Amino acid sequence: MIHKFTQDDTRIVLDVNSGAVHIIDEIVYDILDYYKEKSVEEIIESLGHKYSREDIIEGVYEIKTLENEGLLFTEDTYEKHPAFVNRKPVVKAMCLHVAHDCNLRCKYCFASQGDFKGQRSLMSEEVGKRALDFLIENSGNRKNLEVDFFGGEPLMNFEVVKNLVEYGRSIEKPAGKHFRFTITTNGVLLNDENMDNVVLSIDGRKEVNDYMRYAVNGTGSYDIIVPKFLKMAKMRNGKDYFVRGTFTRKNLDFSKDVLHLADLGFDSTSIEPVVTEDKYDYALKEEDLDTIFEQYEILAKEYVKRRKEGNGFSFFHFMLDLNQGPCVIKKLSGCGAGSEYLAISPEGDVYPCHQFVGNEDFYMGNVLKKDVDTSVTADFGQAHVYNKEKCKDCWAKFYCSGGCHANAYNFNKDIHKPYELGCEMEKKRIECSLVIQANLLK
């Protein structure tokens, strides 16, 4: 399987199964439309009005050479790869909902402004410690374990967070493990911290951010959080962080928000498309795709320009590794929700991921009661790209890994049916990423 496209006068063909990417000229681009179905003479007949016979023969030879070298039209061998067939998932990541409460009331919040459609509550130290114990006990031979302190707003329960980090450090070495702690925060209560990674939530320009992200009293959060975020970014001093926002139908010119964050001095950014029900006026619609695609292209051009000028920044969705990429299992099954990744509520209830928390159809048990039943999420382990009708023949399947289970369920009530709007945006981001890498080589 191949995928070819043109963007910014750059013609690219991706060999899906090998991952090889080729920058090609116009004649090879055109020949690829006929290469597998027609003989050389038939191709000459089809394209002879545009190219000479000699040039067409040379183009066919170039394609044939790449094919013989295993760089074009390669077979898909992943489904039978031993690492995939013999995989034995262990829990390696956990989302600790230390606060089902928040000091902001963001309009688009999937967590119902922090309470996950339930009681506002904070996780106790006892629950958190038991959750870390559970992660170690169920991580098999996996050494490096990921823990994200999440909410709501986790800084509303920061004493517990700090104590859990301290507890984690005290038990990791005896267990032969290493915890990598991340905190996702809106920044209103931000001060000093001790995390391996920090995710700072901001939507971009002041008017955009404050329209969606405001405090309980209705005032915007931009002026409060920007100075704190800048201080935090400086304090990180090379350690991981990124600022993460959301774009909606209210700011379809979101490339300006990404560049605004870069201009403020944040060199690690991410602006995600909102995922919500169509009934909301800020929900993205299919008719918005052309505008969204244009914005990604604008952003890609500026990304290359700034990199070449020496003042570049990173954008999460353009960070594509063409050298090694994810392992086979990651390529096929994605985040591992329900098997390798779990979420824990303030009460210790276990769910497949943070977006399923509160949905009793996906309740797996409780870490305090030690009654976690992984059979509840047996389907998640089989929700890989080969078991999804719309994924198995898609050129982007090894990059998106089948998409988000929660989005699929929320829109289609079936984790095997991807959220189509998200698929289209993901494919465009991949194309932009490939064009960026091609242009950076020029």
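Helices here are DSSP runs of H or I with at least four residues, and they are numbered from the N terminus. Everything below comes from a predicted model.

**View 1. The end of helix α14.** Helix α14 covers residues 405-412. His 405, Ala 406, Asn 407, Ala 408 and Tyr 409 are its buried residues to look for. Right after α14 comes Lys 413, and its phi is positive, near 55 degrees.

**View 2. The open sheet, strand by strand.** Ten strands line up as β12-β11-β10-β9-β8-β7-β4-β13-β14-β15, with mixed pairing. At the edges sit β12 (314-315) and β15 (365-366), each pairing on one side only.

**View 3. Strand β9, boxed in.** Zoom in on residues 197-201: five of the five residues of β9 are buried, so the strand is largely enclosed by the rest of the structure. The cut-off for buried is under 20% relative accessible area. Asn 197, Val 199 and Ser 201 point one way from β9, Val 198 and Leu 200 go the other way, and both groups are buried.

**View 4. The neighbours of β9.** On β8 (residues 178-185), four bridges make a parallel connection to β9. One pair to pick out is Thr 182 with Asn 197, its bridge partner in β9. β9 also pairs with β10 (residues 240-247), again in the parallel sense, over five bridges. There, Val 198 stands opposite Tyr 241, while Val 199 has Phe 242 as its bridge partner.

**View 5. A nonpolar patch on the surface.** Leu 122, Met 156 and Leu 189 make up this patch, and together they show about 240 Å² of accessible area. Leu 189 belongs to the loop between β8 and β9. With a relative accessible area of 43%, Leu 189 counts as partly exposed, because that class lies between the 20% and 50% cut-offs.

**View 6. The nonpolar cores.** Nonpolar side chains tend to be buried together in soluble globular proteins. In this model the largest nonpolar core has 78 residues, and Leu 96, Phe 149, Phe 179, Phe 315, Phe 318 and Ile 344 have the most contacts inside it. Helix α10 (residues 289-309) gives the most to this core, chipping in eight residues. There's also a second, separate core of 18 residues, including Ile 12, Leu 14, Leu 332 and Val 435.

**View 7. Around Phe 318.** Leaving out residues up to four places away in sequence, Phe 318 touches Tyr 296, Leu 299, Ala 300 and Tyr 303, along with Arg 429, Cys 432, Ser 433 and Ile 436.

Conventions
Residues are numbered from 1 along each chain as its sequence is written. This is a predicted model: local features need pLDDT of at least 70, side-chain atom pairs count only at pLDDT 80 or more; totals for chains, interfaces and linings use all residues. Side-chain values use heavy atoms; hydrogens and water are left out. A nonpolar core is a set of buried Ala, Val, Leu, Ile, Met, Phe, Trp, Tyr and Cys residues joined through side-chain atoms within 4.5 Å. Buried means under 20% relative accessible area, exposed over 50%, partly exposed in between (1.4 Å probe, protein chains only). Helices (H or I, at least four residues) and strands (E, at least two) are DSSP runs, numbered from the N terminus. Contact means heavy atoms within 4.5 Å. Two strands pair if DSSP finds at least two bridges between them. Patches are made of residues with over 30% relative accessible area and no salt bridge: like charges are joined within 9 Å, nonpolar side chains (Val, Leu, Ile, Met, Phe, Trp, Tyr) within 5 Å. Accessible areas come from the Shrake-Rupley method with a 1.4 Å probe; for residues, only the protein chains shown count as cover. A salt bridge is a side-chain nitrogen of Lys or Arg within 4 Å of a carboxyl oxygen of Asp or Glu.
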